[in-house]
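Please open the structure in your viewer and keep the selection panel at hand. The tour begins with the ligand and its contacts and ends with the protein as a whole.

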Amino acid sequence: MAKPNKGLAQHFLTDLGAVRRIVGAAGVGADDLVVEIGPGRGALTGRLLAQAGTVIGIERDGALCDLLRSRFGRGLHLRNRDVLTVDFSDLIRGAGFDHAILVGNLPYYITGAVIQRILDARRRFKRAVLTVQREVARRIAATPGNRDYGVLSIAVQLYSDPKTLFDLAPDVFNPAPRVFSSVIRLDFQRETRYRIQDERFFFRVVRTAFGQRRKMLKNALLGMTHGRMEILQRVGAMAEIDFRLRPEAVSIPEYERISRALKGFATSAGSVTGADSRQM
Ligand code: SAM
């Protein structure tokens, strides 16, 4: 068997108990379509195939695709692709389904980008059961006041109800990664969990604030009013937020209040600016 490719974050699950718990958490039934990201040597895939109606695996490594084909034959629908180039919506509808359950022991080097794509396609997923670095799971679950709280927490909590299910020690993988992992489940909501008037603008505000997370809000957001502190003070008063707080102390509904107030000024007093990066 070919050596694991470190560049593709290949750490293969070898612990049957962990496999059972992960697949159990996905709650897969005979009518379900499962999309698996990075099936690798098929540790999860075999069990998923036994429970699901259809399984589509997206695996970037061609040699692993050959191995998966010889192990599972035509039962497994394989895409030898980079998951970051896959349109989940097309994939799911092309397979004749409206929704899928997503399972993935994610390649760690692209976790943030994959989660962003999953959130973008959330209406096509019933739920996702993902293995991520424990540190990422903490960031996803973090609440205001916690130093792990940030853009990732807000994005995932806005669109889903994230749960950290259990941790996995490095020795359940071969080769063992240097870090602990956590298995998380995201149950997606049809609507955002909080009413957001303008999601794009909301994330500009959030990203701008966390771009300078050590500063007080009044300084972190100053660029958005082109340096005009008097406008920012009025925004703070209108939103009823103390702008001496740091970005990590502010909740999702509070960011929404800031966004609405700031947008009001943007429309009446000219443009506001801010970070537009999709980086989490
Ligand atoms: N699911 C398997 C398991 O649990 O044993 C393998 C998990 S391993 C951590 C990550 C898998 O993702 C590897 O098989 C790797 O080749 C694959 N992978 C890495 N980057 C990828 C990408 N951009 N798109 C699709 N698959 C990728």
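A polar contact, as the term is used here, is a pair of N or O atoms within 3.5 Å. The model is predicted, and the distances below are computed from it.

**Ligand contacts.** Select Gln10 and the ligand together. A polar atom in the side chain of Gln10 is placed 2.8 Å from one of the ligand's oxygen atoms. Next, add Leu13 with its backbone displayed: here a backbone N or O atom lies 2.8 Å from an oxygen atom of the ligand. Then select Gly40, which also presents a backbone N or O atom, at 3.4 Å from an oxygen atom of the ligand. Considered alone, the ligand exposes 590 Å², of which the protein buries 99%.

**The surrounding shell.** Extend the selection to the residues around the ligand, of which there are 23. Those that come nearest are Gln10, Gly38, Glu59, Asn105 and Tyr109. Colour this shell by residue class: twelve residues are nonpolar, five are polar and six are charged.

**The cavity.** Where does the ligand sit? Display the cavities of the protein; the ligand occupies the largest cavity.

**The whole protein.** Finally, zoom out and switch to a cartoon representation. The secondary structure consists of eleven helices and nine strands. Measured against its principal axes, the C-alpha trace spans about 65 × 40 × 30 Å. Colour by accessibility to conclude: the protein has 280 residues, and 48% of them count as buried.

Key
Residues are numbered from 1 along each chain as its sequence is written. This is a predicted model: local features need pLDDT of at least 70, side-chain atom pairs count only at pLDDT 80 or more; totals for chains, interfaces and linings use all residues. Side-chain values use heavy atoms; hydrogens and water are left out. A residue is near a molecule or strand if one of its heavy atoms lies within 4 Å of it. A polar contact is a pair of N or O atoms within 3.5 Å; within protein, one must be able to donate a hydrogen and the other to accept it, and residues adjacent in sequence count only if both atoms are side-chain atoms. Accessible areas come from the Shrake-Rupley method with a 1.4 Å probe; for residues, only the protein chains shown count as cover. On a 1 Å grid over the protein atoms alone, a cavity is a set of points where a 1.4 Å probe fits but cannot get out, and a pocket is an open set with protein on both sides within 12 Å along at least five of seven lines; lining residues have an atom within 4 Å of a point. A molecule sits in a cavity or pocket if more than half of its atoms lie within 2 Å of its grid points. Ala, Val, Leu, Ile, Met, Phe, Trp, Tyr, Cys and Pro count as nonpolar, Asp, Glu, Lys and Arg as charged, and the others, Gly among them, as polar. Helices (H or I, at least four residues) and strands (E, at least two) are DSSP runs, numbered from the N terminus. Buried means under 20% relative accessible area, exposed over 50%, partly exposed in between (1.4 Å probe, protein chains only).
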